[in-house]
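Trainee: Could you take me through one part of this model closely? I would like to look at the aromatic side chains and then at the helix beside them in our notes.

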Amino acid sequence: MPTMETIRARHSVRQYTDQAISGKDLAAVQQLVNQTRGKSKLDIQLVTSNPEAFNVVANFGLIRGAQALIAFVADGRDQDRTIGYWGQRLVLEAQDLGMNTCWCAVFSKRKCKATVPAGKIVRVIIALGYGVNDGKERSTKSVEQLSRVECAQAPSWFDSVMEAAQLAPTGVNLQNFTVVLQEDGRTLDVECSGKGLTGIDAGIVMANVEVAANEAGADWSFAHPIR
């Protein structure tokens with residue numbers, strides 16, 4: 001299971017070596033994708049040999065050399081929070097397998113080789129491979145900017161929760177979210193503002209928060225858990 005150490009070690013990587021993903025690693029990722037598909041009821045696909053899907057120049061980096069991708073196929077934005085949550089779990093599990101990843105919202109839908117039924121789209125993809133490096137730390141907003149405590153005093157485990165939230169990847173690193181600790185001192189919610197991929201961002205933050213809260217042994221729950 002991913003830990004806080006996994007979260008701390010994982011960074012977005014946009015440049016990958018030309019080393020093919022080993023059969024062992026590929027089989028492990030496929031197993032994780034299959035398990036996640038079953039638990040989440042999402043259409044999640046592991047796609048290999050599809051570098052052309054990344055042949056789009058984005059304002060926030062260009063992904064080069066990724067040997068595989070994980071695609072999330074959906075019929076719109078209704079599943080965004082669920083996609084973010086389960087996708088981030090896969091990202092952290094890939095990190096523990098020794099691979100690097102990057103969430104990618106700007107890509108060529110036309111060139112992506114995922115199987116897309118009529119009426120659906122590839123909502124987002126995750127680049128997967130062995131990075132030229134392990135990425136680097138990003139600047140982050142303060143805990144005060146990213147949280148709201150509605151009880152008299154936050155429990156000690158909330159510090160770990162907020163560290164995990166700060167380290168969560170979000171669209172162009174905007175961090176347009178707020179982790180809310182409700183009046184009972186145990187219930188957490190993640191609120192996101194703005195347009196675009198904020199639902200996915202919220203799910204990503206929730207996945208990190210869950211790891212931190214459980215590792216800290218907290219008595220806690222989400223106000224709106226992922227179903």
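Mentor: Happy to! Let us call a residue buried under 20% relative accessible area, exposed over 50% and partly exposed in between, using a 1.4 Å probe and protein chains only. By that cut-off F72 is buried, at 1% relative accessibility. This is a predicted model, in which local features need pLDDT of at least 70 and side-chain atom pairs count only at pLDDT 80 or more, while totals for chains, interfaces and linings use all residues. Residues are numbered from 1 along each chain as its sequence is written, and side-chain values use heavy atoms, with hydrogens and water left out.

Now to the rings. Rings of Phe, Tyr and Trp (for Trp, the six-membered ring) pair if their centres lie within 6.5 Å; planes under 30 degrees apart count as stacked, over 60 as edge-to-face and the rest as tilted. The structure holds four aromatic pairs. One of them joins F72 and W103, stacked at 6.3 Å centre to centre with 15 degrees between the planes. This pair links distant parts of the chain, 31 residues apart, with F72 in strand 2 (residues 68–74) and W103 in strand 3 (residues 100–104). Helices (H or I, at least four residues) and strands (E, at least two) are DSSP runs, numbered from the N terminus. W103 is buried too, at 14% relative accessibility.

Y85 and W86 make an edge-to-face pair, 5.1 Å centre to centre and 85 degrees between the planes. Y85 is buried at a relative accessible area of 6%, and W86 is buried at 10%.

Strand 2 also brings us to helix 2, since the buried residues of helix 2 pack against strand 1 (43–48), strand 2, helix 3 (80–96) and strand 4 (121–129). Contact here means heavy atoms within 4.5 Å. Helix 2 (residues 23–40) has 18 residues and reaches 25 Å from its first C-alpha to its last, close to the 26 Å expected at 1.5 Å a residue; that expected span is 1.5 Å times one less than the number of residues. Its buried residues are D25, A28, V29, L32, V33, T36 and S40. They cover an arc of only 135 degrees around the axis, so they lie on the same side of helix 2; the arc is that of the directions from the helix axis to the C-beta atoms. On the other side of helix 2, G23 and K24 are exposed. After helix 2 comes K41, with a positive phi near 65 degrees.
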